[in-house]
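Visitor: I work at the bench and seldom read models by eye. Could you walk me through this one?

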Amino acid sequence: MATLSGRTRFRYSLGSFVTGSFGTVPGLVLVKYLTDTMAVPAGWAAAIVFVPKAWDVLFNPVAGRLSDADLLKTGSRRRFLLVGGIGVAILFAAMFAHPGFGNPLPDALYVAIMFALCATAYALFQVPFNALPAELTESATERTKLTSVRIGVLAVTILICGGGAPAISTGIGGVAGYRVMAVVIGLIVLAATLLVYFGLKDAPVGSLRPNTVNLKELVRTLAAWRPFRWLLGTYFIQALGIGTVLAAIPFFAQRILGSEGYGTILFVIFVGPALITMPLWPRLGDQVGKLNGFRLATAAFAVGLLGLVFAREIPLVVTFVFVALCGVGYAGISVFPLAILPDLITAEEERTGETRAGIAAGVWTAGETLGLAFGGGLWAVILAVGGYVSSTDATANQPHSAILAILVGASVIPGVLIALALPLLRRSVLEPRHEPA
């Protein structure tokens, strides 16, 4: 079976600049943008962060069907990648344009509408992007190699965009800072979209099997596919924890560590070790098994998060060590689910004789999106419960309950969520009965 060229793997993986930007930056800055620039109450912010991405989950199957139809018509999913990516770039910039209607309610509605439209465009990009590995090659080994390169590019994206976005918005300050940040991220997304679209023009196609299924078939497939449901449940819970952490970083930096400028430092300390150790986790997985590696990564992330609850009492450098440990664990829990998933897909396709890549891509995308959305929404709810005071300049005095909510919500709550995945990592469920050829 033909192998994919390194050029094809790299060009495909550039799409991670689209998925990584949209998956990371709103989670990092959107809640703070709403509460500390637009004076939107935290409860409203929770709905604004969650509802558009919940809509995205509902729209994902539609995007999958549209993409499948285009695949059958044109022999490629590239056109949907182009339309979706361009839409994300434009709408992301529009989301932070802040028209300034003079009242928090219409301002908040504007953001909600732009976010929902951006999430729709994102679905048009991400669903076919996730389906492509199974269609570029039928080899499970090649799919794993493709995923490894994609994960590496994703880590770079998170470091650049996740670290750069808060730095730009904080460095410039106020509404102008968010506007400039959004334009920069939009340009990155646009460039990545064009590079993927033109870069995959002559890519080989391993299979053109249509993956379109109706709701009844989808439910039937998932009901019978226990390992996939198990892995997705694990991934969803951890995405919920990650989404909470991302939204918490700027608040934790300002209110617990004492300076909003620490936000970028925390993110770099988090992502830097993740970037360094991400290539090492697959090697460890080869030695001890993917599931054992997944368990070790989960434990490292959970311990790092739980240690942050002492941030007000311990030296700052120790806090940074806990953040770095979180990054090491994050690298692992990013690698192993995507490394295990192709094994499950291949084993199920061999068992049933039916294609599973498209179904897996659509449902996996929905689960990831919903988990991250719930995480951002959960963080806003934590702020609301703590009595967080919204403002237009982030200088409002906060009650002790809000400070406590930020401390616990940035450490204990996501730490418990990450650790809850451990009981789900069962060898009897998640390891195929035989290794795929």
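Guide: Happily; we will go from the whole chain to a cavity, some helices and a few single residues. Keep in mind that this is a predicted model.

Visitor: Let us begin with the fold. How many helices and strands does the chain have?

Guide: The secondary structure comes to 17 helices and 0 strands. The radius of gyration is 21 Å, close to the 22 Å that the globule rule gives for 437 residues, so the chain is as compact as a globular protein of that length. Along the principal axes, the C-alpha atoms fill a box of roughly 60 × 45 × 40 Å.

Visitor: What share of the residues counts as buried?

Guide: A residue is called buried when its relative accessible area is under 20%. Here 58% of the 437 residues pass that test. Contacts add to the picture: among those with a separation of 6 or more, 84% join residues 24 or more positions apart.

Visitor: And the empty space inside? How many cavities of 30 Å³ or more are there?

Guide: The count comes to 3. Let us take the second largest cavity, which holds about 140 Å³ of space.

Visitor: Which helix gives the most to its lining?

Guide: That is H9, with 4 residues. Helix H9 (226–256), helix H10 (262–277) and helix H13 (316–352) each supply at least two residues. Among the lining residues are Val 245, Phe 252, Leu 266, Phe 270, Leu 305, Val 323 and Ala 410. By class, the lining has 11 nonpolar, no polar and no charged residues.

Visitor: How do I check the length of a helix such as H10?

Guide: Compare the distance between its end C-alpha atoms with the span expected at 1.5 Å a residue. For the 16 residues of H10 that span should be 22 Å, and the ends are 23 Å apart, which agrees. Two cavity-lining residues, Leu 266 and Phe 270, are also among the buried residues of H10.

Visitor: What does the same check give for H12?

Guide: Helix H12 (residues 290–307) has 18 residues and reaches 26 Å, close to the 26 Å expected. Its buried residues include Phe 294, Ala 297, Phe 301 and Leu 305, and Leu 305 also lines the second largest cavity.

Visitor: Now a single residue. What does Val 412 touch beyond its neighbours in sequence?

Guide: Leaving out residues up to four places away, Val 412 touches Leu 306 and Val 309. Val 412 is found in helix H16 (residues 412–419). Its C-alpha atom is 5.2 Å from that of Leu 306, although the two are 106 residues apart along the chain. With a relative accessible area of 28%, Val 412 is partly exposed.

Visitor: I have also heard that backbone angles are worth a look. What should I look for in phi?

Guide: Most residues other than glycine have a negative phi, so a positive value is worth a second look. Ala 39 has a phi near 60 degrees, and His 98 has one near 50 degrees.

Visitor: Where do Ala 39 and His 98 lie?

Guide: Ala 39 lies in the loop between helix H2 (16–36) and H3. His 98 is in the loop between helix H4 (78–95) and helix H5 (104–136).

Visitor: Is each of them buried or partly exposed?

Guide: Ala 39 counts as partly exposed at 23% relative accessibility, whereas His 98 counts as buried at 11%.

Notes:
Residues numbered from 1 in each chain as written. Predicted model: local features only at pLDDT ≥ 70, side-chain atom pairs only at ≥ 80, totals over all residues. Heavy atoms only, no water. Expected span 1.5 Å × (residues − 1). Buried < 20%, exposed > 50% of the residue type's maximum accessible area, 1.4 Å probe, protein only. 1 Å grid on protein atoms, 1.4 Å probe; cavity = no way out; pocket = protein on both sides within 12 Å on 5 of 7 lines; lining within 4 Å. Points joined across faces, edges and corners; volume = space filled by probe spheres on them. Nonpolar A, V, L, I, M, F, W, Y, C, P; charged D, E, K, R; others polar. Rg over C-alpha atoms; globule rule 2.2 N^0.38 Å. Contact = heavy atoms within 4.5 Å.
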